[in-house]
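Me: Hi! I'd like to go through a model with you, a bit at a time. Could you pull it up?

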Amino acid sequence: MNIQLLNQNISDASTDISLVYLSTESLKKSKNKKALKMAGFTASGDSICFLHDKNLLVCGVDEFSADDIRSTTSVAIKALKKTNYKSANILIDDKALIPALVEGFVLGGYTYDRYKSTKTKTSLKNVSLIYTKDDYKQAIKIFTDAVIIADATAFTRDIVNTIPEDLNPPTFADLAKKLAQENNLDCKILGEKELAKEKMNAMLAVGRASRHDSKLIHLTYKPKNPKKVVTLVGKGLTYDSGGLSLKPGTSMVTMKMDKAGGCAVLGMIKAISELKLNIEVHAFIGAVENMIGGDAYKPDDVLVSRSGKTIEVRNTDAEGRLVLADVLDYAQDSVKADYMFDFATLTGACMVALGQYTTGVMGHSSALKHEISKASSTSGELTASLPFNKHLKKQIKSEIADICNISNKPYGGAITAGLFLDAFVREENKKKWLHFDIAGSAYTESPWDCNVYGGTGAGVRFISKFLQGVI
Ligand code: BES
Ligand code: ZN
Ligand code: ZN
């Protein structure tokens with residue numbers, strides 16, 4: 001499906017069907033109100049109604065906000081793809097709504113059928129947004145950027161949705177190399193030998209029982225005169241069985257998504273490089289598989305991390321933080337950044353705290369958290385801050401090592417995980433660092449907003465928005 005922005009002069013106006021948006025209020029003034037009433041349509045949010053004889057698809061919104069437009073467009077595109085219409089258009093006079101429409105069509109209409117023997121077919125070939133105002137040039141820029149960000153989000157979804165047989169640490173590294181070639185990025189991959197040389201024993205321990213070699217992926221986007229330098233770190237657990245602290249069967253299903261942080265940082269560097277932002281971006285991914293076996297690391301082990309800090313392992317299912325501890329340490333030695341953000345499906349506790357739609361944000365800089373909150377509220381993603389405190393920090397003390405990989409109390413698990421990572425962030429970087437727990441927001445088994453079954457691409461839209469704003 002192709003999506004384009006036209007202005008009234010260049011649109012030939014011929015289309016199979018047009019989408020129109022109505023609220024309960026504007027429905028009262030609609031010339032189609034009789035027909036819509038007969039169809040039982042009240043224009044409530046996310047409801048749609050075809051008026052086939054008028055070549056119209058009417059979409060309900062509670063209010064004419066970007067959030068409502070994105071959501072109802074997602075419902076509309078799914079229905080539209082099942083019809084025999086080949087082309088659709090929409091008249092728009094507010095360019096601020098262009099990103100929401102693009103996200104609704106591209107992300108709401110996203111499907112993943114790699115493992116289906118019969119691929120989904122659709123007659124719909126073209127969607128045209130027709131912009132009715134004069135500042136078409138500005139609108140085109142908004143549209144082009146929105147398509148880049150939506151495509152990068154879909155790219156992230158594709159990787160998250162790939163099964164662990166096809167997407168394991170070595171194939172993750174291959175995929176990163178391919179992206180580097182296509183987008184002109186530098187790419188450095190460290191295998192287990194190099195990781196051992198780097199003394200990344202925490203990361204290596206997690207991957208030891210896997211038949212796949214662990215990989216550290218480092219991609220760089222370097223424009224000529226960058227205004228800022230950003231380090232992005234992603235948890236790339238291509239499968240999390242829990243290790244010897246094995247997950248129960250039902251919790252293990254969906255754990256292919258434990259690489260979503262790594263997939264998100266790939267999507268982010270893809271988006272930033274295609275937006276040609278004047279920001280140097282470093283994406284680091286710890287790609288590891290957490291399995292069981294005679295060689296597996298175990299509860300009671302003490303690991304000497306790259307930083308020199310020793311970690312008492314009390315649960316091998318709290319593995320993401322071990323990988324990130326080493327990758328964060330490596331990243332801080334490799335790059336002097338203005339911002340350091342990590343993304344991880346780190347804790348079930350984050351979903352308990354915030355629900356499954358919201359990304360948990362942790363860090364020491366209130367100002368930076370505020371900026372992220374502003375960016376996310378216009379990006380269509382949900383984020384909320386989870387505050388650190390000194391009492392929770394005590395819960396990850398160890399009797400025998402410098403720190404323990406789990407808390408000694410059952411509450412505040414998302415924050416204690418964040419505080420564990422904090423122990424590996426150097427003093428000079430404390431205010432530059434934020435941790436994003438995407439355990440809930442990265443994957444869904446039922447559609448919501450513009451998300452469909454599987455990976456959501458969480459992080460890509462709000463970080464792109466944030467970085468677009470910093471220069
Ligand atoms: N990958 C999981 C966290 C997770 C759970 C992500 C559910 C998405 C959905 C992580 O490695 C993990 O297992 N965390 C444990 C930590 C615990 C052992 C302290 C958890 O959340 O139960
Ligand atoms: Zn785990
Ligand atoms: Zn995990």
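Reply: Here we go through the domains, the ligand site and a few single residues; note that this is a predicted model.

Me: Great. Start wide: which domains is the protein chain divided into?

Reply: There are domain 1, covering 2-133, and domain 2, covering 151-469.

Me: And what separation do the centres of domain 1 and domain 2 have?

Reply: Taken over C-alpha atoms, the two centres are 36 Å apart. Domain 1 puts 13 residues into the contact, and domain 2 puts in 15 residues.

Me: Okay, on to the ligand. How many residues surround ligand 1, and which are the closest?

Reply: The shell has 17 residues, and the closest are Lys247, Asp258, Asp317, Glu319 and Gly348.

Me: What's the mix by class in that shell around ligand 1?

Reply: Seven residues are charged, six are nonpolar and four are polar.

Me: Which elements each supply at least two residues of the shell?

Reply: Strand β9 (228-240) does, and so does helix α12 (348-354).

Me: Now the polar side chains. Which atom of ligand 1 does Asp258 approach?

Reply: A nitrogen atom of ligand 1, with a polar side-chain atom of Asp258 at 2.8 Å. Two other side chains pair with oxygen: an N or O atom of Asp317 is 2.8 Å from an oxygen atom of the ligand, and for Lys235 the distance from a side-chain N or O atom to a ligand oxygen is 3.2 Å.

Me: What share of ligand 1 does the protein bury?

Reply: The protein buries 77% of the 510 Å² that ligand 1 exposes when taken alone.

Me: Switching to backbone. What is phi of Ala43?

Reply: Phi of Ala43 is near 65°, which is positive although the residue is not glycine. Asp46 is another such case, with phi near 70°.

Me: Where is Ala43 found?

Reply: Ala43 is in the loop that runs between α2 (33-38) and β3 (48-51). Asp46 is in the loop between α2 and β3 as well.

Me: Why does Ala43 count as buried?

Reply: Because its relative accessibility is 0%, and the cut-off for buried is under 20%. Asp46, with a relative accessible area of 37%, is partly exposed.

Me: Let's hop to Thr73. Where is the place of that residue?

Reply: Thr73 is in helix α3, residues 66-80. Its relative accessibility is 0%, so Thr73 counts as buried.

Me: What does Thr73 touch beyond four places away in sequence?

Reply: Its contacts there are Tyr21, Leu101, Gly104 and Phe105.

Me: How far is Thr73 from Ala35?

Reply: Their C-alpha atoms are separated by 21 Å, and the two residues are 38 residues apart along the chain.

Me: Next, Ser214: buried or exposed?

Reply: Ser214 is buried, because its relative accessible area is 0%. Its place is in the loop between α8 (201-207) and β8 (215-221).

Me: Which residues does Ser214 touch, leaving out those up to four places away in sequence?

Reply: Quite a list: Pro169, Leu190, Gly191, Glu192, Leu195, Met203, Gly207, Ala287 and Val288.

Me: Last one. In which strand is Asn7 found?

Reply: Asn7 is found in β1, residues 2-7. At a relative accessible area of 14%, Asn7 is buried, since the limit is under 20%.

Me: And what is Asn7 in contact with?

Reply: Apart from neighbours within four places in sequence, Asn7 contacts Ile130, Tyr131 and Tyr136.

Key: Residues are numbered from 1 along each chain as its sequence is written. Chains are lettered from A and ligands numbered from 1 in the order in which they are written. This is a predicted model: local features need pLDDT of at least 70, side-chain atom pairs count only at pLDDT 80 or more; totals for chains, interfaces and linings use all residues. Side-chain values use heavy atoms; hydrogens and water are left out. Helices (H or I, at least four residues) and strands (E, at least two) are DSSP runs, numbered from the N terminus. Buried means under 20% relative accessible area, exposed over 50%, partly exposed in between (1.4 Å probe, protein chains only). A residue is near a molecule or strand if one of its heavy atoms lies within 4 Å of it. A polar contact is a pair of N or O atoms within 3.5 Å; within protein, one must be able to donate a hydrogen and the other to accept it, and residues adjacent in sequence count only if both atoms are side-chain atoms. Accessible areas come from the Shrake-Rupley method with a 1.4 Å probe; for residues, only the protein chains shown count as cover. Ala, Val, Leu, Ile, Met, Phe, Trp, Tyr, Cys and Pro count as nonpolar, Asp, Glu, Lys and Arg as charged, and the others, Gly among them, as polar. Domain bounds come from an automatic or database domain assignment. Contact means heavy atoms within 4.5 Å.
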